[in-house]
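Please find below my notes on the model. They take one helix first, then the ligand site, one loop residue, the core and the chain as a whole.

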Amino acid sequence: MTRTTVSSRADSGVGTCAETAADAGPESALPFKSSPSPEHEDLADICRRLEDDFAALAGKTVVLTGGAGFLGYYLIRSILHHNAGSSDPAIHLWVCDNFQRGMPGWLTKLEGTPHFQCVDHDVTRPLPADFPPADYILHAASIASPSFYRSHPIETMDANVIGLRRLLDYCRDRADSNPVQGLLFFSTSEIYGDPSPDQIPTPETYRGLVSSTGPRACYDESKRYGETLCVNFHRHHGVPAKIVRPFNNYGPGLKITDRRLIPDFARCVLDGEDIVMFSDGSPTRTFCYIADAVVGYFRVLVRGRAGEAYNIGCDRPEVSVAELARLMVSQAGGLFGYRGEVVHRPSDDPDYLVDNPNRRCPSIEKARSELGFEPEISLEDGLKRSLLWYRNHPTAAVG
Ligand SMILES: NC(=O)c1ccc[n+]([C@@H]2O[C@H](COP(=O)([O-])OP(=O)(O)OC[C@H]3O[C@@H](n4cnc5c(N)ncnc54)[C@H](O)[C@@H]3O)[C@@H](O)[C@H]2O)c1
């Protein structure tokens with residue numbers, strides 16, 4: 001195993017200002033009317049909303065797999081932001097990733113940050129000898145972008161099944177001595193497949209309408225099996241495994257090359273080109289800004305019930321892909337003077353729309369009532385923050 005230890009400047013432990021200055025560049029074809037960075041505000045806001053949850057993690061060791069990815073960008077930096085500004089004992093953070101798409105620059109910049117370690121480790125392999133005595137584990141390692149999991153289906157399944165199994169075995173083996181206090185498995189809204197219209201908004205009790213053999217099945221079905229593993233390790237071994245089902249997160253940290261909807265649209269905007277839709281624009285989604293979602297994830301980890309699944313996302317507004325594209329145009333127009341149009345063009349990928357859900361909108365009543373989870377950032381505001389981030393961080397956004 002190649003071992004890499006990274007950390008960063010020990011100032012705020014966050015590293016956004018230098019990144020902004022270093023990354024802001026002339027790559028975009030657009031003029032730039034304003035340059036506030038949304039990230040400091042987001043991180044401060046996350047820490048405020050998670051004050052009690054982070055207090056529960058004080059002095060504990062938290063393991064995060066897949067930390068070099070989109071969610072890792074805010075999961076890691078919100079903990080480090082908390083450590084830097086809190087008088088509580090620090091949260092010790094141990095992160096691993098196999099860096100299949102390279103080591104992101106923002107992670108390299110964290111080298112030297114106290115109470116933080118990041119290693120090169122593939123979760124499908126046995127846990128490394130120096131795996132820390134974990135109090136909490138977040139298993140986020142998986143290929144998450146549909147374009148990438150369709151081209152790497154076996155790796156996707158292995159991370160969600162073998163990788164998860166290794167962590168659950170670790171928890172089971174420590175149940176009598178030094179028990180892990182919470183394991184959070186990142187499942188997906190895609191376990192619902194293409195819900196029937198009477199199941200919109202979709203509650204956690206809906207069983208799904210999923211193909212086991214289609215091009216998305218490697219992702220959907222391995223997440224479903226992962227959930228079943230969690231529930232049974234809880235029932236039979238007392239492992240406090242909890243499940244989140246994220247619904248379409250977006251925002252800073254989501255690579256512009258990730259081939260997901262909002263980064264694809266942002267790339268068109270920053271290139272000064274028309275926004276291209278690969279569908280007819282009719283499928284509908286709700287979108288959850290990353291700062292809201294991260295609050296939900298830590299709430300489930302700390303306060304969620306073991307053996308249970310929680311939808312984390314926004315329950316409104318449910319917008320069509322065409323409406324989203326038009327909203328991007330108007331937000332980018334206000335920020336950058338963007339004047340593009342929305343056009344439809346078929347994707348080069350013949351599987352792009354196969355088994356693509358027509359509607360995706362969660363019920364979040366369970367997280368709302370049990371965990372006090374409430375999204376706060378509007379779609380308009382979130383898109384604006386995302387566009388600013390893409391414009392300010394061209395190197396962090398690629399890769
Ligand atoms: N972002 C969303 O909207 C969303 C929606 C539904 C589910 N999820 C789930 O949340 C988790 C994180 O999503 P994300 O958006 O950050 O994904 P991402 O693709 O941006 O990041 C995932 C990370 O996992 C790493 N990884 C993959 N296989 C690995 C392995 N075998 N060993 C070690 N590392 C490995 C990748 O290198 C990557 O850095 C994933 O499990 C994903 O399925 C995310």
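1. Helix α7 has a kink of about 30°, and the kink is centred on A159. This is a predicted model, so the bend is a computed feature of that prediction.

2. The helix in question, α7, runs over residues 153-173 and has 21 residues. From its first C-alpha to its last it reaches 30 Å, which is close to the 30 Å expected at 1.5 Å a residue.

3. Which residues of α7 are buried? They are T156, M157, D158, A159, N160, G163, L164, L167, L168 and C171. A159, the centre of the kink, is thus itself in the buried set. An α-helix has 3.6 residues a turn, so residues three or four places apart point the same way.

4. The cover over the buried residues of α7 comes from both strands and helices. The strands include β1 (61-65), β4 (136-139), β5 (182-186) and β6 (241-246). The helices include α6 (146-151) and α8 (217-237).

5. Around the ligand there are 29 residues, of which G66, G69, S142, A144 and N249 come nearest. Two elements, α4 (70-85) and α7, give two or more residues to this shell. The most comes from α4, with three residues. By class, the shell has 12 nonpolar, 14 polar and three charged residues.

6. S189 deserves a separate entry. The residue lies in the loop between β5 and α8. Is S189 buried or exposed? With the cut-off for a buried residue at 20 or more other C-beta atoms within 10 Å, S189 counts as buried because it has 24.

7. The contacts of S189, leaving aside neighbours within four places in sequence, are R245, P246, F247, G313, R360 and P362. For F247, the C-alpha atoms of the two residues are separated by 5.3 Å, although the residues are 58 apart along the chain.

8. The largest nonpolar core has 106 residues, and V269, V294 and Y297 touch the most other members. Helix α10 (residues 290-303) gives the most to this core, with 10 residues. Not counting residues up to four places away in sequence, V294 touches I46, Y74, L75 and S78. In soluble globular proteins, nonpolar side chains tend to be buried together.

9. For the chain as a whole, there are 13 helices and 14 strands. Buried residues make up 50% of the 399 residues. Of the contacts with a separation of 6 or more, 83% are between residues 24 or more positions apart.

Technical notes:
Residues are numbered from 1 along each chain as its sequence is written. This is a predicted model: local features need pLDDT of at least 70, side-chain atom pairs count only at pLDDT 80 or more; totals for chains, interfaces and linings use all residues. Helices (H or I, at least four residues) and strands (E, at least two) are DSSP runs, numbered from the N terminus. The expected span of a helix is 1.5 Å times one less than its number of residues. The bend at a residue is the angle between axes fitted to the seven residues ending there and the seven starting there. A residue is buried if 20 or more other C-beta atoms lie within 10 Å of its own, exposed if 12 or fewer, and partly exposed in between; C-beta atoms are placed from the backbone. Two residues are in contact if their C-beta atoms, placed from the backbone, lie within 7 Å. A residue is near a molecule or strand if its C-beta atom, placed from the backbone, lies within 6 Å of it. Ala, Val, Leu, Ile, Met, Phe, Trp, Tyr, Cys and Pro count as nonpolar, Asp, Glu, Lys and Arg as charged, and the others, Gly among them, as polar. A nonpolar core is a set of buried Ala, Val, Leu, Ile, Met, Phe, Trp, Tyr and Cys residues joined through C-beta atoms within 7 Å.
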